[in-house]
Amino acid sequence: MSADAETGRGDRRSRILGDLRGARNIGIAVTSTVVFFAIVAIVVVNSAGWPEVRKAFFDRKLFDSSFPEVGHAFLLNIRIFCIAEALILVFALAIAVLRGLPGPVLFPFRLLAVLYTDLFRGIPTILVIYILGFGAPALQLSGVPRSPLFWGVTALVLVYSAYVAEVYRAGIESVHPSQEAAARSLGLSRAQTLRHVIVPQAVRRVIPPLLNDFIGLQKDSALVALIGPIEAFRQSQIDVAATFNYTPYVATALLFILLTIPLARLTDWLIARDRRRQSAGATR
Amino acid sequence: MSARASALRLEGVHKSFGSFEVLRGVDLDVSEHEVVCLIGASGSGKSTLLRCVNLLERIDAGTILLNGEEITRRDVDVNAVRRRVGIVFQAFNLFPHMTVLRNVTLATTHVLHKSRAEAEAEATALLERFGLADKRGEYPDRLSGGQQQRVAIVRALAMQPELMLLDEVTSALDPELVAEVLSVIRELAEAGMTMVIATHEMSFARDTANRVCFLDAGRILEQGSAEEIFTHPREPRTQQFLERIIAAGRL
C-alpha cells in the first residue's frame, strides 16, 4: 500500500490520459495530437509508392467483400483462444502451486514443474504446434483425437501455461510471508491458506501481465492454421491468393485489434475497481 | 498463583536461526487467567518466543506444554494447536482482499466449520463489543492502524483461544492510536483471558501484568510482579535496560 502513498492515488486514474484536468491542458493535448497525425499522414500520402500501396492494401471494395468471410473464420480464432485461456488459467495455476510445494518428499513434483516450464518456454510455439499437430495423430492410438484443431489448441495450452505459470508464481511469491503466518496461526491448513489467502491476492496482482500473455495467445491462435484449420489468417491468405491484393490481411489485422483493445480496457477497469474497493478513502 | 492450573509451560526452550541462538534455554510457567508481559531490548527473543508457542517456529530443544499437553512433539497436529492459541502480530497482518467481517469469519467457518450465519453473528457481536460494528463491511486498508489492530485481535478472539499471544501489537501504531488498542487488551485481561504479551509499553505492563519477565540474550533473566521488576530490579542488566527506558521517557 506504500506504493499508493508514494505515487498518489489521483495519478493512477489513467496512464494514457495522464493529467488532463483543465480546459487549457485538453486544448494543448488535442492540438498536438492533430498536428502529429497530420504530419504522419502527409509524409505517408506524399511518398512515391503510396498509390501502389493504397491499391494493394486498402482496396475498399475488396475489404467489403472479404471482411465477412474473414470475420466468419475469425469465430474459430475466438473459439480457439476462449477454450485455451480457460484451460491455461487452471493448468498454469496447478503448475505454479506444484512448484511452490515445500519439503523434500515433494521434490519430484517441483522438478517436474521446473522441467515443464523450461521445456515449453524454450521451444518455439510453431514447432510445438507442428510436432503435436502432425506427430500425435500419426501415432494412431485409439482414443486419441486426430483433429488438428484439438492438437493445435493443446499445443497453445502447453506453451502458454508455461508462461502463465511463471506469472502466477511471481504473484504467489509477491504475497508477504506474514500473510501466510497470519492464516496458519488461525489454524488454517497449508491448502486452505493457499486457496483463501495467497492465491486470491496473487491473482489480483498478476492480472495485467496475465492479460499481456493472453493478448499474445490471441495472436498466436493464427499459428494453428499451419496444421490445417481455416481461421481468420488462413482465410485471408486464401483471399489474397485469389485476388493478388493484400487488403484481406488488413481486414484480419483489424479484427484482432478490435478484440484485444476492449480486453485491455476491461482489465484496466477491473484493476481500478479493485483498488478503489480496497483502499480509496483511507482514513489514516 | 500456584493453586491455579498451568496454561502454558516452557521448559528449556532453545531456538537458533542459523548459527545465531535466539532462545537459550527459556523456562516459563503461565497460569490460567494470568497476564504475563515480556519486556527486553529488541532482539532479546520476545517475538521468537511467542512464535515458538504458536508453532510458527519449530524449537530446537526443550518442551512446550499447553494445558499440560506437550505441543512440541513431532507428531502433534499443528493446526489443532494453533486453533487453541491466538496470536496478534505487530503489523496486524489482516487479509487485505477480504472485508473486516470475512477476516474474522474465515477461520471460524473453515477451521471450526461453523455455518456462515453463525460465524457472522458471532463475529458481529465481537466487533460490536470492541466498537467496530460499523466497520464490518470495510476493507482493512480503509481503517486506521488502531482499528486494524483491533480487528486483528477480534479475528484471533473469534477462535475462542485458550491463550492469547500479543507480539508488540502497538509498536506499529501512531502514538495517538495506542490507547484504543491497549484498552482492548486491558478489557481482555479483566475478562480473565490468559495472555503472554511482548511489549515496549512499560506503563501498560506495570498496570496490567500479573507478572513481568525481563528477557536478555535469549533467557528470562529476571521475573516477578510489575512492582518488583520496575521498582526493585535485582539484575544489573534489568536495571540498565530500565534506566534507558526511563531516559527515553517511556516509563
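# Cores, salt bridges and exposure in a predicted two-chain model

Modeller: The largest nonpolar core has 81 residues, and those with the most contacts inside it are Ile88(A), Leu10(B), Leu38(B) and Ile64(B). Helix α7 (residues 148-174) of chain A gives this core its largest share, 14 residues. A second, separate core of 49 residues includes Phe92(B), Val154(B), Leu188(B) and Ala205(B). The model is predicted, so local features need pLDDT of at least 70 and side-chain atom pairs count only at pLDDT 80 or more, while totals for chains, interfaces and linings use all residues. Residues are numbered from 1 along each chain as its sequence is written, chains are lettered from A and ligands numbered from 1 in the order in which they are written, and side-chain values use heavy atoms, with hydrogens and water left out.

Colleague: What makes a set of residues a nonpolar core?

Modeller: The term denotes buried Ala, Val, Leu, Ile, Met, Phe, Trp, Tyr and Cys residues joined through side-chain atoms within 4.5 Å. Buried means under 20% relative accessible area, exposed means over 50%, and partly exposed lies in between (1.4 Å probe, protein chains only).

Colleague: With which residues is Leu10(B) in contact, leaving aside its neighbours within four places in sequence?

Modeller: Contact means heavy atoms within 4.5 Å. On that basis Leu10(B) touches Val26(B), Asp27(B), Leu28(B), Leu49(B), Val53(B), Thr63(B) and Ile64(B).

Colleague: Why is Lys114(B) called buried?

Modeller: Its relative accessible area is 15%, and the limit is under 20%, so Lys114(B) is buried. Lys114(B) also forms a salt bridge with Glu122(B), the closest N and O atoms being 2.7 Å apart. At 29% relative accessibility, Glu122(B) counts as partly exposed.

Colleague: How do you know that the contact of Arg265(A) and Asp268(A) is a salt bridge?

Modeller: A salt bridge requires a side-chain nitrogen of Lys or Arg within 4 Å of a carboxyl oxygen of Asp or Glu. The N to O distance for Arg265(A) and Asp268(A) is 3.2 Å, so the pair qualifies. Both residues lie in helix α11 (residues 247-279) of chain A, three residues apart, about one turn of the helix. Helices (H or I, at least four residues) and strands (E, at least two) are DSSP runs, numbered from the N terminus. Arg265(A) is partly exposed at 42%, as is Asp268(A) at 33%.

Colleague: Which parts of the chain are linked by the pair Arg84(B) and Glu69(B)?

Modeller: Arg84(B) and Glu69(B) form a salt bridge with the closest N and O atoms 3.4 Å apart. The pair links distant parts of the chain, with Arg84(B) in helix α2 and Glu69(B) in strand β5 of chain B, 15 residues apart. Over all chains, a search of the whole structure finds 22 salt bridges. Arg99(A), Glu166(A), Arg169(A) and Glu173(A) are linked in a network of salt bridges.

Colleague: What makes Arg74(B) exposed?

Modeller: Exposed means over 50%, and Arg74(B) stands at 67% relative accessibility, so the term applies. Arg74(B) lies in the loop between β5 (69-70) and α2 (78-84) of chain B.

Colleague: Why does Leu127(A) count as partly exposed?

Modeller: The relative accessibility of Leu127(A) is 41%, which falls between 20% and 50%, so Leu127(A) counts as partly exposed. Leu127(A) lies in helix α6 (residues 125-138) of chain A.
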